[in-house]
Amino acid sequence: MEGLLATIYAAFARYLAWGLALCLALASSPPSEAATALANAKSTFIESLLARMTVEEKAGQLLMRFAEAEPPPQIVLDAVAAGNVGSVFAHPAATPAQLRTLQQHAVKHSRLGIPLFFAGDVVHGRRTIFPIGLGLASSWDLDAISVSARVAAREATGDGLDMTFAPMVDISRDPRWGRISEGFGEDTYLVSRIAATVVRGFQGELGARDSLMACVKHFAAYGAVEGGRDYNSTDVSPLRLYQDYLPPYLAAINAGAGAIMTALTSLNGVPATANGWLLRSVLRQQWQFSGLVISDHSAIEELIVHGVAQDGAQAAQRALVAGTDVSMNDRYYLQTLPGLIEQGQIEVELLDDAVRRVLAVKYDMGLFESPFRRLSGSHGAAFSNAGLALYRAEARHVARRTLVLLKNERATLPLKRQGTIALIGPLADNSRDILGSWPANGQPSQAVSLYQGLRTALGDHAQLLYALGANIHDNPPAFDLLADNQVVLDPRPPSALLAEALAIARQADVVIAALGEPRGMSHEGASKTTLDLPQQQRELLRALKMTGKPLVLVLMNGRPLSIVEESQWADAVLETWFSGSEGGNAIADVLLGDYNPSGKLPISFPRTVGQLPVHYNTLNTGRPFIKERPSKYKSRYFDLDPTPLYPFGYGLSYTTFSLSSLRLSTHQLPPGQSLQASITVKNQGSRSGETVVQLYLRDRVASVSRPIKELKGFRKVLLAPGESRRITFTVDQTALGFYNQDLQWITEPGEFDVMIGLDSQHLEHARFELLEASR
Ligand code: BGC
């Protein structure tokens, strides 16, 4: 009876607060007053709830518990009813009905009826799978990226989720790290723009039914793990941290991200989850972030293994004091916080603050108003049978914009719809790996392989032959150690697979080799010491080259590979990353010329692993290497060209573009003002196409060494044959600023280079002076 009364009371209190908030908001006309009224109503609601919570219930709100994809066991339901669970990390296959059962236990059976929120990894799609992060970034198309995030949010909220552990905005310059696939590349500016776009796309209008709260990750600098070895330490100078690694997280926060996830790694000696400088000084004080901080999976327990806590209680204490609000699937908060408070080892105010933030995100998600809003099934039949209702047109549109043409000699591409085409390789008729890592609820049976895409696109116009050619990898024992290791290997010996492939290649007019990596190779816990294609695949490509047939290499992979020889053997090379549910159709569109490729690399392709890190925006050093004038005592490797094989920003089209007439609106820029840099881009070919015009800046002399170039703007433009267009970029003070040695954001007067190009290496130059304040 008491439980029932509490439920009624809780529900009444909920609706009273919401009603009050709405009345106040409507009563006052100016928007700022309405916003203040809403904020006050929220705070009143949260404080009154907090005041009624026991310490145990508060600790319960800080636990995010994992729920398997099966009817929730009684033990979990009991924990929810006891108020010992605040949120649920849902297995990708958990159904809305299962989540609903959990929510019913929270709302109807727990003392205060506080709803759960449900979270999961929706990284590049939920059911309709879009290209992986590196692919999305290759589009340089924020509208397309926004579409992918919005679709993901609709499908994920239709499946009952309130939050996604995404976007992953870790800058990485080390392709040995398998998780480089999830991010958006090496460049701070590009990644920051994409981070903000994805957050807005996921969240839409916060609180709406199809709003998926973003939990940006992994704070901070997880992508800088030493040696590219996953979970290894990161040690990044404060200047580089502020300048290169932190801005994407800040961009996501400024775009409204509701939550942030700590990295599993230590940063400059202190694990991120216990790093008070990072979580309190930077995140809360400098950035004024008021959202939720969630630990990565079991990161609090791992503080013991990191060697900064001797037991669970100390781990929990360090994490909470540092500013980690929620523990993901980690027992110590719940087990030890009440005791620590009782013994006076933690101020209850600290616990209250963390709980306030949990309640606040639930409030923002609209869960107090309607706890079943994303579990009601009211998204319609399309969502309960989503396999039949994928957003295929959107997935194909986005995927084709992410494909990067790296080489195209003798106009090998586009292919003609005639004759005989041999499609060979372990990724040719593979609808599993094409989904990439973190495929959420994406089903291989619903994904289009390249073979299927080409088959449909060719119809009766050309003959399509197929052979596997080689197994996808040749190191089963190593592969068994990967988190995602489900590949089916052909038991035939490599020689038999090769012979079969060569037999069909010899019958063909052109050969397409679809090679690369299984998706599990570019994933969490999948770091590698080489960037080569697996040996059997390399041998296959070399043998195909020997047939003398025109050879197209279609790459599917989640990291830059070192393909110096492969790029020489092939006449054309198309980088397709892992392109998602509609990948096969999108790649066929490009191979057959139905879509003119427009992707540009968001990350440099090294020649060899020994060159790492390779990125375009390096410092000049005191002894820079100049390719045209090589000499001794320069910053280089004596045994190899230090430049990348393919640079950042690079990608070809079936047409060619030229740039001319770079002009600045002024060469003397008064402080605080902005200037315009404009250039003419022309399509010189005979078919329409898109390219990305890229603006780079260099501060020539400053109090700290500044990079030789930094991306500060880009524009993707579509031009008809022969068409030219003037593109204008505004260069404002933000683009000129940087962090000095005291980590203050400043601009300094002096000369700046303006460089505009269609990749980061071939650039038109101009120069201006930023004037002193007194002049
Ligand atoms: C990963 C996170 C992920 C979490 C939940 C962790 O191992 O580092 O990126 O969101 O698991 O799946």
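This is a tour of the ligand site, the pockets and the cavities of one structure.

The model is predicted: local features need pLDDT of at least 70, side-chain atom pairs count only at pLDDT 80 or more, and totals for chains, interfaces and linings use all residues. Residues are numbered from 1 along each chain as its sequence is written, and side-chain values use heavy atoms, with hydrogens and water left out.

**Stop 1: the ligand**

Select the ligand and the 13 residues around it. A residue is near if one of its heavy atoms lies within 4 Å of the molecule. Asp121, Arg179, His218, Asp296 and Glu524 come nearest. The shell holds six nonpolar, two polar and five charged residues. Here Ala, Val, Leu, Ile, Met, Phe, Trp, Tyr, Cys and Pro count as nonpolar, Asp, Glu, Lys and Arg as charged, and the others, Gly among them, as polar.

Now show distances from ligand oxygen atoms to side-chain N or O atoms. For His218 the distance is 2.6 Å. For Lys217 it is 2.9 Å. A polar side-chain atom of Glu524 lies 2.8 Å from a ligand oxygen. The protein covers 92% of the 310 Å² of accessible area that the ligand has on its own (Shrake-Rupley method, 1.4 Å probe).

**Stop 2: the ligand's pocket**

The ligand takes up the space of the second largest pocket. A pocket is an open set of points on a 1 Å grid over the protein atoms alone, with protein on both sides within 12 Å along at least five of seven lines; lining residues have an atom within 4 Å of a point. The volume of the second largest pocket, the space filled by probe spheres set on the points, is about 810 Å³. Among its 36 lining residues, Phe89, Pro92, Asp121, Trp438 and His523 are closest to the centre. Colour strand E2 (87-90), strand E5 (213-219) and helix H12 (302-306): each gives two or more residues to this lining.

**Stop 3: the largest pocket**

Centre on Thr618, Phe625, Thr643, Ile708 and Gln761, the closest of 36 lining residues to the centre of the largest pocket. About 1300 Å³ of space lies here. Strands E25 (750-757) and E26 (763-770) each supply at least two lining residues. The lining has 16 nonpolar, ten polar and ten charged residues.

**Stop 4: the largest cavity**

A cavity is a set of grid points where a 1.4 Å probe fits but cannot get out. The largest cavity has a volume of about 110 Å³. Select Val123, His124, Leu136, Phe184 and Val198, nearest its centre among 17 lining residues. Helix H7 gives the largest share of the lining, four residues.

Key. A polar contact is a pair of N or O atoms within 3.5 Å; within protein, one must be able to donate a hydrogen and the other to accept it, and residues adjacent in sequence count only if both atoms are side-chain atoms. A molecule sits in a cavity or pocket if more than half of its atoms lie within 2 Å of its grid points.
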